[in-house]
Amino acid sequence: PPDLCCLDKVYLRAWLPPDPATVPPTGYYHWAVGAECSCPAAVSAYFDSILRSQAKASWYASGEHKVVKATFAVYNALKRVDVRCEAKFPGKVRTYMVDGRGTCTDEVPSQVWEEAYLCSLLRSQQSLPALPSVKFIPSHPMAFDDVLITLADRYFWDGSKLGTRREERAESSHMNILVSTLADYFEANFRPDNAVAFFSRFIDRDPLLSVHV
């Protein structure tokens with residue numbers, strides 16, 4: 001699934017507002033496609049954009065909703081962990097990762113963030129249903145190209161850990177989600193030269209990659 005953003009909001013009355021700590025929050029969520037999530041600072045910037053985009057209550061309203069907590073979850077399919085960034089308003093930002101057994105680890109190495117971001121970029125190229133809960137964040141095409149190719153080059157030989165599409169055979173270094181997504185991306189954006197330049201770097205080690213050139 002795409003990256004998940006969960007928000008806790010409380011409703012504060014305009015007159016004699018209660019202490020937010022005593023008001024039970026209401027949970028909201030949306031799927032974020034294309035969000036910059038390469039590090040905690042980037043996720044914090046996304047949280048800030050959400051806070052700034054909140055609609056202001058009109059002068060005659062009885063109150064308004066305020067975000068008191070935000071959690072952004074990115075699935076790192078290479079490590080099989082959920083990388084999360086949690087912020088409280090006001091408060092601090094906490095980053096941690098959760099494995100399949102539910103074990104939380106507070107230290108998230110930079111490599112795990114990079115892998116999670118690569119997985120997020122690959123997921124953003126998959127077809128998704130047009131639902132109100134799915135939020136698409138546009139990115140600059142050239143900047144997207146540079147980041148995707150750089151990270152795919154760095155973790156190319158780990159691509160077999162991602163599995164394959166349903167219609168494809170068993171995963172391998174020349175047939176997996178990373179390779180298939182990149183090949184489709186180059187084709188859809190009419191970048192054959194980029195495809196040749198990228199895959200040619202790995203053909204000596206796996207000649208079967210030439211099917212994508």
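Student: In β2, which residue is the bridge partner of Leu-7?

Tutor: In this predicted model, β1 and β2 run antiparallel and are joined by seven bridges. Within this pairing, the partner that Leu-7 meets in β2 is Tyr-28.

Student: In which sense, parallel or antiparallel, do β2 and β7 pair?

Tutor: The bridge partner of Ala-32 in β7 is Lys-135. Three bridges connect β2 and β7, and their sense is parallel.

Student: In what order do the elements of the chain run from the N terminus on?

Tutor: The chain holds five helices and seven strands. Read from the N terminus, their order is β-β-α-β-β-β-β-α-β-α-α-α.

Student: What share of the contacts between residues at least 6 apart in sequence joins residues at least 24 apart?

Tutor: The chain has 213 residues, of which buried ones make up 39%. Among contacts between residues at least 6 apart in sequence, the share that joins residues at least 24 apart is 57%.

Student: Why are the buried residues of α1 placed on the same side of the helix?

Tutor: The buried residues of α1 are Ala-42, Val-43, Tyr-46, Phe-47 and Ile-50. They lie on the same side of α1 because the arc they cover around the axis is only 150°. In an α-helix there are 3.6 residues a turn, so residues three or four places apart point the same way. For the buried residues of α1, the value that settles the matter is thus an arc of 150°.

Student: Which residues are exposed on the other side of α1?

Tutor: The buried residues of α1 are covered by elements that include β1, β2, β3, β4, α2 and β7. On the other side of α1, the exposed residues are Ala-41 and Arg-52.

Student: How far apart are the end C-alpha atoms of helix α1?

Tutor: Helix α1 takes in residues 40-52, which is 13 residues. At 1.5 Å a residue, the span should be 18 Å. The distance between the end C-alpha atoms agrees, at 18 Å.

Student: Which element gives the most to the largest nonpolar core?

Tutor: The largest nonpolar core has 48 residues, and Phe-72 and Phe-199 touch the most other members. At least two residues of this core come from each of β1, α1, β3, β4, α2, α3, α4 and α5. With eight residues, the element that gives the most is α2.

Student: Which residues does Phe-199 touch, not counting residues up to four places away in sequence?

Tutor: Phe-199 is one of the two residues that touch the most other members of the largest nonpolar core. Leaving out residues up to four places away in sequence, Phe-199 touches Phe-156, Val-179, Leu-182, Ala-183, Phe-186, Leu-209, His-212 and Val-213.

Student: How many of the 12 residues of α4 are buried?

Tutor: The buried residues of α4 include Ile-177, Leu-178, Val-179 and Ser-180, and also Thr-181, Leu-182, Ala-183, Tyr-185 and Phe-186. The helix is therefore mostly covered, as a residue is buried when its relative accessible area is under 20%. Of its 12 residues, the number buried is nine.

Student: Which residue caps the N-terminal end of α4?

Tutor: A side-chain oxygen of the capping residue lies 3.0 Å from the backbone nitrogen of Leu-178. The same side chain reaches the backbone nitrogen of Val-179, also at 3.0 Å. The residue is found in the loop between α3 and α4, and the cap is Asn-176.

Student: Is Asn-176 buried or exposed?

Tutor: Beyond its neighbours within four places in sequence, Asn-176 is in contact with Gly-159, Ser-160, Gly-163 and Thr-164. Because its relative accessibility is 0%, Asn-176 counts as buried.

Student: Is Phe-190 buried or exposed?

Tutor: Phe-190 lies in the loop between α4 and α5. Although not a glycine, Phe-190 has a positive phi of about 55°. Its relative accessibility is 73%, so Phe-190 counts as exposed.

Student: What is the relative accessible area of Arg-80?

Tutor: Arg-80 sits in the loop between β3 and β4. Its phi is near 60°, a positive value in a residue other than glycine. Arg-80 is partly exposed because its relative accessible area is 46%.

Student: What is omega for the peptide bond from Phe-89 to Pro-90?

Tutor: Pro-90 lies in the loop between β4 and β5. The peptide bond from Phe-89 to Pro-90 is cis, and its omega is near -5°.

Methods. Residues numbered from 1 in each chain as written. Predicted model: local features only at pLDDT ≥ 70, side-chain atom pairs only at ≥ 80, totals over all residues. Heavy atoms only, no water. Helix = DSSP H or I, 4+ residues; strand = E, 2+ residues; numbered from the N terminus. Buried < 20%, exposed > 50% of the residue type's maximum accessible area, 1.4 Å probe, protein only. Polar contact = N/O pair within 3.5 Å; in protein donor to acceptor, adjacent residues only side chain to side chain. Contact = heavy atoms within 4.5 Å. Expected span 1.5 Å × (residues − 1). Arc of directions from axis to C-beta. Core = buried A, V, L, I, M, F, W, Y, C linked by side-chain atoms within 4.5 Å. Pairing = 2+ DSSP bridges.
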